[in-house]
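Please explain how the sheets, helices, pockets and cavities of this protein are laid out, as far as the coordinates show it.

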Amino acid sequence: MTTYYDELETRSQDARETAQLAALNAQLAKTGKDPVQDLAALAGLPVLRKSDLSARQKAQPPFGGLPVSNLAHVFQSPGPIYEPGGVTHDWWRMGRFLNACGIGPGDIVQNCFGYHLTPAGHIFESGARAVGAAVLPAGTGQTELQVRAAVDVGVTAWAGTPDYLKVILEKADEMGESLKITRAGVGGGALFPSLRQYYADRGITCLQCYATADLGNIAYESPAMEGMILDEHVIVEIVTPGTGDPVAAGEVGEVVVTTLNPDYPLIRFATGDLSAILPGTSPCGRTNTRIKGWMGRADQTTKIKGMFVRPEQVAQLVARHVEIARARVIASRDGEMDVMTVRIETEAHDPARFEASVADVLKLKGRVELVPPGGLPRDGLVIEDARKYD
């Protein structure tokens, strides 16, 4: 039997759109914009991109002049971009997703999202509180200690990036320990079918959400696992990349989100992600629109190990060393783990001389491979995603 988070999940689309229009006009009023007559009128408003937000924040720190209220935390994401955080009930709307995962009172969630600077750890902890679950705030790293804590406190559920749970499980096997985890909610990267099956074979139901630091939860899987259901407090448009023009129903385009969080109104915020609207509604009974899930990036910005790597960061790496002519970041997989390889076009012969800069500028450790001058393709790519998503 399906247990819904609230009655909003099963309301009619007419009731949903009426409520969203009222909330949207309240958001527009906060940002000094005129009200609209219907949700379709959103397409006439300008799109706000991360680069625009970053520029606004530099001019008016820390939030670019946006009307932020009930501020409890300030977070920093690569760019840098600063995001506010609140502590009111389910501020990032993650409880809806964790409820769909079957997580609730009596559960202890091992939260392996980071708590430092970036908001992911707080986002999932807020969701756990919303559904009445306790949290082991584990963060990342110290895998052996994580296993020990999971065993000692009786962890029953897990949250983190898709591939890190496998690391925890394998460490538990190595230590001869048996974990009680039966449900997992993941985000921050693609959940590949083979990895989902690996968890299922170990008795763990693993569902994924689509969330960002700026917007909180955007969409989430239900046990039906047919697409991702939009959250009740966002308005999602699929537009032609680089524009604000909606695509035809079912076509792939860029995800543009308007959040109805009254504490931080973001109007038509472009995520840079690609997706498409699915027809119909979910077999689970939730009536909101579904998207196909993450289908790549509208630009070359790529998420690796849960962190975005952007073209401007690659440019910074090149500028840091006069002996680097060009650089190319390649995202690939080694088993179920993300791997970042940085190919550097240079006359130098020692990859080690660039490793510290790679970690500092790209915020991730990766393999460094040197190629001779002329050795990188002249195809305009500085970030290549070589992973397979089907």
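In this predicted model, helix H9 lies across strands E17, E18 and E19. Its direction is at about 120 degrees to that of E18. The three strands belong to an open sheet of four, in the order E19-E18-E17-E20, with mixed pairing. Strand E19 (367–371) and strand E20 (383–385) stand at the edges with a single partner strand each, so one side of each has no neighbour in the sheet. From one strand to the next the twist averages 20 degrees. Within this sheet, E17 (residues 324–334) and E18 run antiparallel and are joined by ten bridges. One point of reference along the pair is Ala 331, which stands opposite Met 340 in E18.

Another open sheet has three strands, in the order E10-E11-E12, and its pairing is antiparallel. Here E10 (234–239) and E12 are the edge strands; each has a single partner strand, so one side of each is left without a neighbour in the sheet. The twist in this sheet averages 30 degrees from one strand to the next. E10 pairs with E11 (residues 253–259) over six bridges, in the antiparallel sense. Glu 237 stands opposite Val 256 in E11. As a general matter, the strands of a sheet pair through backbone hydrogen bonds, in either a parallel or an antiparallel way.

Next comes a helix pair. Helix H6 (residues 164–175) packs with helix H7 (residues 193–201) at an angle of about 35 degrees, and the two axes are 11 Å apart. The crossing of H6 past H7 is left-handed. On the H6 side the contact involves Leu 165, Lys 166, Leu 169 and Glu 170, and these meet Leu 195, Tyr 198 and Tyr 199 in H7. By residue class, the contact has five nonpolar and two charged residues, and no polar ones.

The open spaces can be taken in order of volume. The largest pocket has a volume of about 1000 Å³. It is lined by 41 residues, of which Thr 118, Thr 161, Lys 305, Gly 306 and Met 307 are the closest to its centre. Several elements each supply at least two residues of this lining: strand E2 (81–85), helix H4 (120–130), strand E7 (205–212), strand E16 (307–309) and strand E18 (337–346). The largest share, four residues, comes from E7. E18 thus has a place both in the lining of the largest pocket and in the four-stranded sheet. The lining of the largest pocket divides into 20 nonpolar, twelve polar and nine charged residues.

The second largest pocket holds about 690 Å³ of space. Of the 31 residues that line this pocket, Pro 78, Gly 79, Ile 81, Arg 310 and Glu 312 are the closest to its centre. Two or more residues each come from helix H2 (50–59), strand E1 (73–77), strand E12 (269–275), helix H8 (311–320) and helix H9 (352–362). H8 gives the most, with four residues. Two of the contributors have already appeared above: E12 is an edge strand of the three-stranded sheet, and H9 is the helix that lies across E17, E18 and E19. The lining of the second largest pocket is made up of eight nonpolar, 13 polar and ten charged residues.

What remains is the enclosed space. How many cavities of 30 Å³ or more are there? The count comes to two. The largest cavity has a volume of about 50 Å³. Its lining consists of Thr 161, Pro 162, Asp 163, Gly 188, Gly 189, Ala 190, Lys 305, Gly 306, Arg 333 and Asp 338. Thr 161, Lys 305 and Gly 306, which line this cavity, are also among the residues closest to the centre of the largest pocket. By class, the lining of the largest cavity has two nonpolar, four polar and four charged residues.

The second largest cavity contains about 40 Å³ of space. Trp 91, Trp 92, Arg 93, Asp 214, Leu 215, Gly 216, Thr 259, Asn 261 and Tyr 264 form its lining. These residues divide into four nonpolar, three polar and two charged.

Note on methods
Residues are numbered from 1 along each chain as its sequence is written. This is a predicted model: local features need pLDDT of at least 70, side-chain atom pairs count only at pLDDT 80 or more; totals for chains, interfaces and linings use all residues. Side-chain values use heavy atoms; hydrogens and water are left out. On a 1 Å grid over the protein atoms alone, a cavity is a set of points where a 1.4 Å probe fits but cannot get out, and a pocket is an open set with protein on both sides within 12 Å along at least five of seven lines; lining residues have an atom within 4 Å of a point. Grid points are joined across faces, edges and corners, and a volume is the space filled by probe spheres set on the points. Ala, Val, Leu, Ile, Met, Phe, Trp, Tyr, Cys and Pro count as nonpolar, Asp, Glu, Lys and Arg as charged, and the others, Gly among them, as polar. Axes are lines fitted to C-alpha atoms, for helices over the stretch in contact, and angles run from 0 to 180 degrees between N-to-C directions. A crossing is left-handed if the near helix is turned anticlockwise from the far one by less than a right angle, and right-handed if clockwise. Contact means heavy atoms within 4.5 Å. Two strands pair if DSSP finds at least two bridges between them.
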